[in-house]
Amino acid sequence: MNSNKKGMTLVAKQKAAGWAFLTPATLMIVVMSFYPMVRAFLISLQTGAGANMRYAEPIFSNYQRMMADKVFIKSIGNTFLYLLIQVPIMLILAILLAQLLNNKDLKFKGLFRTCVFLPCATSLVSYALIFRSLFAQEGLINSILVKLHILESGYNFLGNAASAKVVIIIALVWRWTGYNMVFYLSGLQNIEYSVYEAAKIDGANGWKTFWGITVPLLKPTIIMTFIMSINGTLQLFDESVNLTKGGPANATITMSHYVYNTCFINVPNFGYASAMAFLIFIMVAILAFINLKVGDTRD
Amino acid sequence: MKRKLLSVLLAGAMVLSLAACGNSGTSDGGSDGGSSEGGGSEGGNKLTVWAWDQTFNIKAMNMAAEQYKKDHSDFDLEVIETSSDDCQTKLTTCANSGDYSTMPDIVLMQDNSYQKFLKSYPDAFTDLTDCGVNWDDFAALKQSYSMADDKHYGIPYDNGVCAAFYRTDVLDEAGYKIEDLTDITWSKFTEIAVDVHKKTGKYLLTSESTGGDVIMLMIQSCGANFVNENGEAYIVGNDVAEKCIDLYTEMIKQDAVKLVNNWDEYVATVTNGEAAGVINGNWMNATITGIEDQKGNWQITTLPKVDGVDTATNYANNGGSSWYITSNCKNPDLAKDFLVNTFGSSTDFYDAILPETSGIACYLPAGESEVYNEPVEFYGGQPIYSTLVEYSSHIPEFTKTPYHYEAREAVNTAIVNITNGTAKEDALKEAQETLEFKMSE
């Protein structure tokens, strides 16, 4: 054994060192991520209230059950509505802000960047609670609207299905735009200024430069933010729980919120909850895969 | 150089403070483990308790410990403050993993959720039937929350008896007396509430639109529920349920009830004076008496009752809690003895905690004592404590269900849909189907 080791070539030694550094992290990921995933899948094949779990008969009955669950289908609808409306608005805003703040001649850049990023430093629960009180019937927004004589009396934003969804979307945009902007900003700073100069000399205007240079060169960043946003939105939880409690009449409930309710508010059914969580995982995986394929520039 | 030093210092401070967090966490865990390990061997006179509300439940528990210590000098008790929601989440997590060792010895639990835990984790709690409590000293309904198959699992504590709290000054302004609202029906109440709202701009009733309790206490005041005796979903074809839902949606349509979106807004209507009436569990007392400038303006009376139902009463229960001993308790005899000699049988104890916590006992003999019969200044001299204990003896029993929260959600969803224009039959059918679905596996 010893003599073998001594005989390792330099390349082999480097490889061994590489593996040695990788192993702890890999082991931790396996134990903390992959093992729970496998367990979750096994639990998703079981059924029963609380501790009385047994394997379901037929084995995939939890997955069939989802198709008949009106509340869960409604929660899928809600989540995808947030996804379709909120993610594009947020990413476009983020890219515009990044473009503005990347301006070489702008003063107090650091201050503005900090301001835009600051919402991300607030905790999810506390910002959701603040939005809840802002949009309450006697909240700040209503008081302003009444004072300006736009409304006669406070509007029940959170008590109305459509407006409650809008409030959640506004809250999400507020919370996450700055976060994505930071990625775009770093992406923009990696673009050589000479490329822009060349474009200027060729007579391209701002709009053309944006579409012809900025967007293509930012593509990897855009894809990454898209995947992260899709992932985050599909797992949306805090806003639904704290802002609206999923109400009124489940009009704003998200998938993860419903999974939580199934475990901790209702009679606990961890098997069914795991099955739903697994479906969310599959959805995220599929959407991320499509995203990667669409964005793949290699021919 | 200076910058570097500063950043090192800052980083060091952060790491230290984080480490401190970690430490306090482990010390908590340590004392937890200590109590459970100590149970068998060295003396084992320490009990841990999960409970919420410093001014009420926790205070009462600590007072109980002090009283018990007088006769048992080596007794020790530690209360770990755990919010009501956290109690449920933590218990679910401990019990579902099958590892009971992280549970406390004694836990406080909402009456409405206990049946759910008993169904899900039948081994997680200790049978208290023969622990020495005279169960007849507690109202039958209150006992039934913590019972299964004629066995007792909980020592009833926080009374959930409901009352109607009204602002007499507002009623005066609208030309009503508290007597006009005593022992009335919900339709009469609606009439008065609409009138009061017109004259004063204030509401006599507030309710949460998602997860509101008013509909639950309406049906339970009739001795009924949204499940039948076999525990099956019973919304469609349930006359009592339909009458309650009719009355309630009618109140919403006539603007006799103020709908709010969450508990903060609910409490705000009381504190900002928008609500001239509160119909809920007596624990709202703490919120109401907190508003100093409304002193002397509040009085309590019975709830309205549901029209046209033979079994209807003016009494209901909502949201009390009881003490449970978990299976993790290594010294169940001590825990039982402690609970029996304080919460289970001591009028002195209840007399002592009343002025401190204004918590109403479920222990019926306590209601006869002098302390309970003293007039309460805040309520214009009304002796509300003995009145509430008296109310609690009239509450009808009804079939409990582990699916309490599911039923409440299904029915509240139906009500929102009906007020938004869905036909009643369709909304109720959907509620029935949703509840049936959730009860299946």
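Two residues are taken to be in contact if their C-beta atoms, placed from the backbone, lie within 7 Å. In the predicted model, helix α3 (residues 84–97) of chain B lies, by this criterion, across strands β1 (46–51) and β3 of chain B. The direction of helix α3(B) runs at about 115° to that of β3(B).

The sheet of chain B on which this helix lies is open and holds five strands, in the order β2-β1-β3-β12-β6. Its pairing is mixed. Strands β2 (76–81) and β6 (154–158) of chain B occupy the edges; each has a single partner strand, so one side of each is left without a neighbour in the sheet. From one strand to the next, the twist averages 25°.

Strands of a sheet pair through backbone hydrogen bonds, in either a parallel or an antiparallel manner. Strand β3 (residues 106–110) of chain B and strand β12 (residues 321–325) of chain B run antiparallel and are joined by five bridges. Within β12(B), the residue opposite B:Gln110 is B:Ser321. Helix α4 (residues 111–120) of chain B also packs on the sheet, where it touches β3, β6 and β12 of chain B. The angle between the direction of helix α4(B) and that of β3(B) is about 115°.

Chain A was examined for overall dimensions and for the surroundings of one residue. The secondary structure of chain A comprises 13 helices and two strands. The radius of gyration of chain A is 25 Å, whereas a compact globule of 299 residues would have a value near 19 Å. The C-alpha trace of chain A spans about 75 × 65 × 35 Å along its principal axes. Buried residues make up 30% of the 299 residues of chain A. Among contacts in chain A with a separation of 6 or more, 69% are accounted for by residues 24 or more positions apart.

Residue A:Ser229 is located in helix α10 (residues 206–234) of chain A. A:Ser229 counts as buried because 21 other C-beta atoms lie within 10 Å, the threshold for a buried residue being 20 or more. Apart from neighbours within four places in sequence, A:Ser229 is in contact with A:Val87, A:Met90 and A:Leu91. A:Thr114 lies 115 residues from A:Ser229 along the chain, and the C-alpha atoms of these two residues are separated by 21 Å.

Methods. Residues numbered from 1 in each chain as written. Chains lettered and ligands numbered in written order. Predicted model: local features only at pLDDT ≥ 70, side-chain atom pairs only at ≥ 80, totals over all residues. Helix = DSSP H or I, 4+ residues; strand = E, 2+ residues; numbered from the N terminus. Rg over C-alpha atoms; globule rule 2.2 N^0.38 Å. Buried ≥ 20, exposed ≤ 12 C-beta atoms within 10 Å, placed from the backbone. Pairing = 2+ DSSP bridges. Axes fitted to C-alpha atoms, helices over the stretch in contact; angles between N-to-C directions.
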